[in-house]
Amino acid sequence: MDRGANDAYSHVLGHAGPAIMHRVGYVLGDGFQVMALGSQAVFEFANLVHGETFYAVENWSVQGGEINASLGMRVVTRELTGRSRADTWMFPGVIDPLRGPVSRPLLDFVRRVAPRARRVAGICTGGFILAEAGVLAQRRATTHWAYAEHMQQRHPDIQVEADRIFILDGQYWTSAGMTAALDMALGMVEKDLGPEVARSVAHRLVMHHRRAGGQTQHSELLDMAPRSDRIQQALDYAKRHLDRPLGVEQLAERINLSPRQFSRIFTAETGQSPAKAIEALRLEAARVMVEQGRLPLEVIARETGFRDRRHLREAYLRGFGVAPQAMRRQSRTRLRS
């Protein structure tokens, strides 16, 4: 943690050192996605694990008062003013960020507080708020996979990475879907209080300390989610047996269809050929092993069904645009940052 930041507000608890008050402000707008509030539990349990109150969490809005969530529930908020202060500002998104423009007062607030805040975070489609305010220009960012392409088109000066759970670039954090806000909040706790506290919080919340892989492992499968149980059974079998041959003949036999019937139904229900879908599953599994482990690439290739290390590299370059060694280096750099 930055020592200057510590000194700036350590007086809140009456002593210096690591046990200081860190203010987390959630800025809510009408129709905010209610799951965003779930990430506040990470800060709550961090306080419990830490043994004293480190995080103080408050809900804010431009107008103050009661704010309606997407589900209809109401949350009482404080009104944002020129004197509003937080060390970390969190901006939750809405279900459809393309439906209407971000309010001018909210954008003005982001521009005003972003340079002096310790952290500014966009939760899920809340990244669009930061993008519209211009604070993500020339930076890396992510958002919900369904809207990543829209963000890139609207803001070509942002390097949008659609397959990340969360990204931090400088003091700016952005997360993928709403559950990824928990991962992002846990990353903040690790930065502030260390990996042991973060691991304990993750254990208490029954979540991964560091979730393996990126959004692709989720969004890719959602994109090709079949309509029938038979094709889903074939995909489930493939995910469990990636190290085996998974041609049309083997998959068709598993669900008692002819290869021709299987190919036709699979393509109609998922929008892609069986061969392309299986390669996507192999790549997702390989990426988790590359990013999170230390296994040699030859072993990863064998366990995920690629012929050899060279075949894995070729598929990586097609699917991700980088070699597996480069992705492993990038992953280690992110974990150290």
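**Exercise 1. Find which residues of helix H2 meet which residues of helix H7, and sort them by character.**

Step 1. On the H2 side, take Val-42, Phe-45, Ala-46, Leu-48 and Val-49; they meet Val-197, Ser-200, Val-201 and Arg-204 of H7. Contact here means heavy atoms within 4.5 Å, and helices are DSSP runs (H or I, at least four residues) numbered from the N terminus.

Step 2. Sorted by character, the residues of this contact are seven nonpolar, one polar and one charged.

A word on the source: this is a predicted model, where local features need pLDDT of at least 70, side-chain atom pairs count only at pLDDT 80 or more, and totals for chains, interfaces and linings use all residues. Residues are numbered from 1 along each chain as its sequence is written, and side-chain values use heavy atoms, with hydrogens and water left out.

**Exercise 2. Describe how H2 and H7 pack.**

Step 1. Two packed helices are described by the angle between their axes and the distance between the axes.

Step 2. For H2 and H7, the angle is about 115 degrees and the axes lie 9 Å apart. Axes are lines fitted to C-alpha atoms over the stretch in contact, with angles from 0 to 180 degrees between N-to-C directions.

**Exercise 3. Work out which residues touch the most other members of the largest nonpolar core.**

Step 1. Such a core joins buried (under 20% relative accessible area, 1.4 Å probe, protein chains only) nonpolar residues through side-chain atoms within 4.5 Å.

Step 2. Of its 32 residues, Phe-43, Tyr-55, Met-90, Ile-123 and Val-189 touch the most other members.

Step 3. Helix H6 gives the most to this core, with seven residues.

Note on methods: Buried < 20%, exposed > 50% of the residue type's maximum accessible area, 1.4 Å probe, protein only. Helix = DSSP H or I, 4+ residues; strand = E, 2+ residues; numbered from the N terminus. Nonpolar A, V, L, I, M, F, W, Y, C, P; charged D, E, K, R; others polar.
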